[in-house]
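Me: Please take a close look at one part of this model, the second largest pocket, and then set it beside its surroundings. What lines it, and which residues lie nearest its centre?

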Amino acid sequence: MASVDLSNVQPTFDQLCELCTAIFDGTFDWEAQSTKPHRDINSLSDVAKSGCHMCSLILASIHPADVSHLQHDLDNCLVEPLDQLTLELNIPFRYLRIHVRSPSRPPTHHFYRSDLKRNAWCAASLTILRNTEDYTQRDRVLSSSNYSAATVAQITRWLGDCIATHSECFSMQVASATRDILPTRLLDLADVARSDQLRLVATKGLPEDTIYATLSHCWGGKCALTLTVDNLSMMEAGIATNCLPKTFRDAVSVTMDLSIRYLWIDALCIIQDSANDHDWSHEAAIMGDVYANSYITIAATTSPNSTGGLFHQRNPLAVWPCRVTARWSCFDPGHYVVGISELVRDQNQAPLIERAWAYQEWLLSKRLLHFSDDQVRWQCYCLSASEVYPRGLDEDDADYQGAETKAIISDLSNDQANRHSLWQRIREEYSEKSLTKSTDKLAAFSGIARMAHKVLDSPPADYLAGLWKPELLRELLWTRYEAEIQPRNKNFYIAPTWSWASLNGPVWIRNSLWSNSQFIPVATVLDIKLEPIDDAFGPVKSGKLTLQCSLSSVTLITKSGSFPRESWGPDYNWTISSIRGASTATGCALDMDYRSYTPVLPSAQLSFYYAPIIYRVGTEHRPCSVTGLLLLEDSVSSKEYVRVGVLEVNLGDERDKVLGFLNLQVGPEGQAMTHGLDVVEII
């Protein structure tokens, strides 16, 4: 949310500048002309500072990075000021859309081109509701902070309602927590009000039902204060709150305002430099349950580090909707409410929403309290709400806000028919998140994995470094879906190459692929050996998958006239020129784990080993095919292989011939038959 400084202006709700007044007073003929010129981005910011409620909302609806982009265009004379921003009134759907002109696409994904010839982009939109259809304007608060006495009162109401009336929340909380345990240590806030000091205490003697809050936050590289071997005794004796970085200090204030005695912050409750990372490894293994058993999780959603804080100054005119009296000839005259959809606001939850550890924390927590730049938001299994929408969001907004957290857990627990695809979706969403230490990939997912296997009634042995044993053959065919992904770092181990967790980027898991088509396994899993470091759902030291399949050498060449791909997804620019030394010209779809494996020359040749996994029966619209793993011999042991990608071989009219080259045969009844099967070990 782009913010403005109103320190020299007393903000007043519903006050409009001349241009914004003309939107609604009937002086502009919306029927004759679909768009109306507005201000340039600098003028918009200036008038918002002077107190125009509508200009404040328009500015707030545009992402700050896009605002900077538009200011750059203006400062460098790349666009005419009078033509930079235009407004479009959509009468049937009742929204006011903001269009901007820019010679290049603004940096965020929120924009789409609305007029190719004019380099116009749709930037955002404001909702227009009848006064009687919207309750948000009734309790507006002119507070210049996202945290005030009114905020505390609202959080207390949300919390009380959840405890007293949300029966579904209780059942979901039982599902998300896998063990009734406390963190090893907690911060005791009992003396803060009297002496302004808190202290670190061991939970060994505390009751199992001890109430505590947790903090979800970005470290931002190096945290300003952490628990170490050297300062452990000092923390146990007591530390003044003014010694804490702002995010931690604000979390203490919120916890106390909610009358909760104990607070858990990972940086202050886990020894960060214990011998062999023993303390961290132990706490990481239980961290999912630490959040699942927490009374409430406080999220520093838009703070980049431990000094960013939870409490932020804001322009209240950019938060609360504006009441207007419309005199349109094309619109029913009357009182309307203009505001920013919560769906739009929630698109700006960075940086915390991008973090892998936070994904687990948000997914498993009973209740979430998001502290964003503009306002505080609430999430539990029964309610998605905010300061502006305290009684909840409309259906579309609620679905969006809960997608990555509460809703997916509810679906996983209640929608038995789609549990497997939801388990797939959770892993795909997690793979999009970032980690400061890539070695945390499986550790930061362990709590989610433990919870999912409990809901799926699946034993720990079914969890294979991110893959699921009952669907293993299909899940082995995961693919990346980002153009640029950093290659695996050979200096440290994360996961076996056959697991998506070994990849430093987003993936697509083919758990439910071909759900409406017949597929036939042409490989058999003989053995899986995983050596976990501590927890069956956590990091592993090594892993080996042994398959029985028909291993073939394949050579691929680029098609004439093909060019290097810059995007993710199957690459159809290749043809299989030989299989086991036999010449062929078979079409294929190539998915390499890293682009570095594929040269960018106009004419190139690649050689791999190919392990067929699945035969797909042809349909009227799609020919039959074989999909399998592309392998290379391990640089250390030539008897073992590493995965480098996935290849789909399109059989077409030469089905039997190509199957023969691959040493495969599929019978008329769909049974797979092979000759001279190989035993292949993949690490």
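Reply: A pocket here is an open set of grid points where a 1.4 Å probe fits, with protein on both sides within 12 Å along at least five of seven lines; a residue belongs to the lining if it has an atom within 4 Å of a point. The model is a predicted one.

By that rule, 26 residues line the second largest pocket. Nearest its centre lie Arg488, Lys490, Thr497, Asp634 and Val642. The space in this pocket comes to about 610 Å³. Sorted by class, its lining holds 13 nonpolar, 8 polar and 5 charged residues. Three strands, β23, β28 (625-633) and β29 (640-650), supply at least two lining residues each. Of the elements, β29 gives the most, with 3 residues.

The largest pocket can be described in the same terms. Its volume is about 1000 Å³, and 46 residues line it. Gln272, Trp280, Trp357, Lys437 and Asp440 are nearest its centre. Two or more lining residues come from each of β8 (212-216), α11 (278-292), α13 (356-364) and β23 (540-549). Strand β23 is thus listed for both pockets. Helix α11 has the largest share of the lining of the largest pocket, 6 residues. The classes in this lining are 23 nonpolar, 13 polar and 10 charged residues.

Now turn from open space to packed side chains. In soluble globular proteins, nonpolar side chains tend to be buried together. The largest nonpolar core in this model has 120 residues, and Leu187, Trp378 and Trp423 have the most contacts inside it. Helix α11 again has the largest share, giving 6 residues to this core. Leaving out residues up to four places away in sequence, Leu187 touches Leu198, Arg199, Leu200, Met235, Arg261, Tyr262, Leu263, Ile265, Leu268 and Cys269. Another core, of 41 residues, lies apart from the largest one and includes Ile23, Cys55, Leu126 and Ile128.

A last residue to look at is Ser446, which is found in helix α17 (residues 446-455). Ser446 counts as buried because its relative accessibility is 2%, and the cut-off for buried is under 20%. A polar atom of the Ser446 side chain lies 2.9 Å from the backbone oxygen of Ala443. Farther off in sequence, beyond four places, Ser446 touches Ala284, Gln360, Asp535, Phe537 and Gly538.

Definitions and conventions
Residues numbered from 1 in each chain as written. Predicted model: local features only at pLDDT ≥ 70, side-chain atom pairs only at ≥ 80, totals over all residues. Heavy atoms only, no water. 1 Å grid on protein atoms, 1.4 Å probe; cavity = no way out; pocket = protein on both sides within 12 Å on 5 of 7 lines; lining within 4 Å. Points joined across faces, edges and corners; volume = space filled by probe spheres on them. Helix = DSSP H or I, 4+ residues; strand = E, 2+ residues; numbered from the N terminus. Nonpolar A, V, L, I, M, F, W, Y, C, P; charged D, E, K, R; others polar. Core = buried A, V, L, I, M, F, W, Y, C linked by side-chain atoms within 4.5 Å. Buried < 20%, exposed > 50% of the residue type's maximum accessible area, 1.4 Å probe, protein only. Contact = heavy atoms within 4.5 Å. Polar contact = N/O pair within 3.5 Å; in protein donor to acceptor, adjacent residues only side chain to side chain.
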